[in-house]
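Visitor: Please give me a close look at one part of this model, and explain each term as you come to it.

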Amino acid sequence: MAEKQTDTSTTLKTTLTDLQSELSTLNRVSHRLALTDAGPALEKVLNLLLPRLLSRIGKNDDAKTSNRSNKRKAPSSPLTLSSSASVSELSALHDQINAMHESIHKKLIEMLTHTMKRVREDRNCQLPCVAILELLLPEEHRQQQQSETVEPNGLVVTANPFTINLSLAFLTLGVNRSSPSACSDLLPGLLTFLACLLLEGLPQKEGSFYSDNCVGISHILDASRKMRFDQTCHLILRCLE
């Protein structure tokens, strides 16, 4: 029991240190982004930075949820007096980690808001739409796409809601200033993501993805899913113009 708590404590301390380091890095990157001139320089920075920020905000939210779950699973009643301090220490570490995730989330929102504002002001700034769209597609789909076969079971929305919503917002902005050729390149991915949204929430039978022959209606019943569905349809129509 004591050895397990010691190992857990060490892991949590390492996680906390890594998060503190990440926040420091984000602060430095945020400062450099603010100093980057509009035009080609900003576009070059965003080609690399924006997809990473959109991916990271989702992973950070997932990690925060996992940390809260692990805290709830941790023993709250020590078996001995000597382990009482360890249980208390673990709880405190979980709280510190959660606070760091919150700080990182706020910093990422701040950076993405700053980016959105600057891109809106610079109508000539092109966004890395293909890289952003790839964040919305399941990893299984990308692997199957390389082998030119796509199974229905791979069409499952796996991205975090923060990543999805913010990515769609930037795609809406980016597609409106993309060339017809660039829009054509986005169509296959957008159609795949639309299929993911339509199939979201369908129960899966053994040997088959579908429980019946109907398409899912979760995008109609849930307000946030309906918004994603509408945004994706709008992007598809824009690319077809």
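Guide: An axis, in what follows, is a line fitted to C-alpha atoms, taken for helices over the stretch in contact, and an angle between axes runs from 0 to 180 degrees between N-to-C directions. This is a predicted model, in which local features need pLDDT of at least 70 and side-chain atom pairs count only at pLDDT 80 or more, while totals for chains, interfaces and linings use all residues. Residues are numbered from 1 along each chain as its sequence is written, and side-chain values use heavy atoms, with hydrogens and water left out.

The part to look at is helix H6, which spans residues 161-175. Helices (H or I, at least four residues) and strands (E, at least two) are DSSP runs, numbered from the N terminus. The protein has nine helices and zero strands.

H6 packs with H9, their axes lying 10 Å apart at an angle of about 25°. Angles under 35 degrees count as roughly parallel, over 145 as roughly antiparallel, 65 to 115 as roughly perpendicular and the rest as oblique, and H6 and H9 are therefore roughly parallel to each other. In passing H9, helix H6 makes a left-handed crossing, a term for a near helix turned anticlockwise from the far one by less than a right angle, with clockwise being right-handed. On the H6 side, the residues that make the contact (heavy atoms within 4.5 Å) are Pro161, Ile164, Asn165, Leu168, Ala169, Leu171, Thr172 and Val175, and on the H9 side they include Met227, Arg228, Gln231 and His234. Sorted by class, the residues where H6 meets H9 are nine nonpolar, five polar and two charged; here Ala, Val, Leu, Ile, Met, Phe, Trp, Tyr, Cys and Pro count as nonpolar, Asp, Glu, Lys and Arg as charged, and the others, Gly among them, as polar.

H6 also meets H2, a helix of residues 40-73, and the axes of H2 and H6 come within 8 Å and cross at roughly 155°. H2 and H6 are therefore roughly antiparallel to each other. Phe162, Thr163, Leu166, Ser167 and Phe170 of H6 touch Leu50, Leu54, Ser55, Ile57, Gly58 and Asp61 of H2, a contact that holds six nonpolar, four polar and one charged residues.

From these two partners the view can be widened, beginning with H9, which runs over residues 223-240 and whose axis comes within 9 Å of that of H7 (residues 180-199), the two crossing at roughly 155°. That angle makes H7 roughly antiparallel to H9, and H7 passes H9 in a left-handed crossing. Among the residues of H7 that meet H9 are Cys183, Leu186, Leu190, Phe193 and Leu197, while H9 contributes residues including Phe229, Thr232, Cys233, Ile236 and Leu240. The contact of H7 with H9 has 15 nonpolar, one polar and one charged residues.

Turning to H2, the other partner of H6, one finds charged side chains to follow. A salt bridge is a side-chain nitrogen of Lys or Arg within 4 Å of a carboxyl oxygen of Asp or Glu, and the structure holds nine of them. Asp61, which appeared in the contact with H6, is linked with Lys64, Arg68 and Glu102 in a network of salt bridges. Arg56 meets Glu22 in a salt bridge, at 2.4 Å from N to O, and this pair links distant parts of the chain, with Glu22 in helix H1, Arg56 in helix H2, and their positions 34 residues apart. Glu22 is buried (under 20% relative accessible area, against exposed over 50% and partly exposed in between, with a 1.4 Å probe and protein chains only), having a relative accessible area of 19%, whereas Arg56, at 23%, counts as partly exposed. Lys71 forms a salt bridge with Asp95, the closest N and O atoms again being 2.4 Å apart, and here the pair joins helix H2 to helix H3 across 24 residues of sequence. Both are partly exposed, Asp95 with a relative accessible area of 39% and Lys71 with one of 32%.

For the protein as a whole, 41% of the 241 residues count as buried. Of its contacts with a separation of 6 or more, 81% come from residues 24 or more positions apart.
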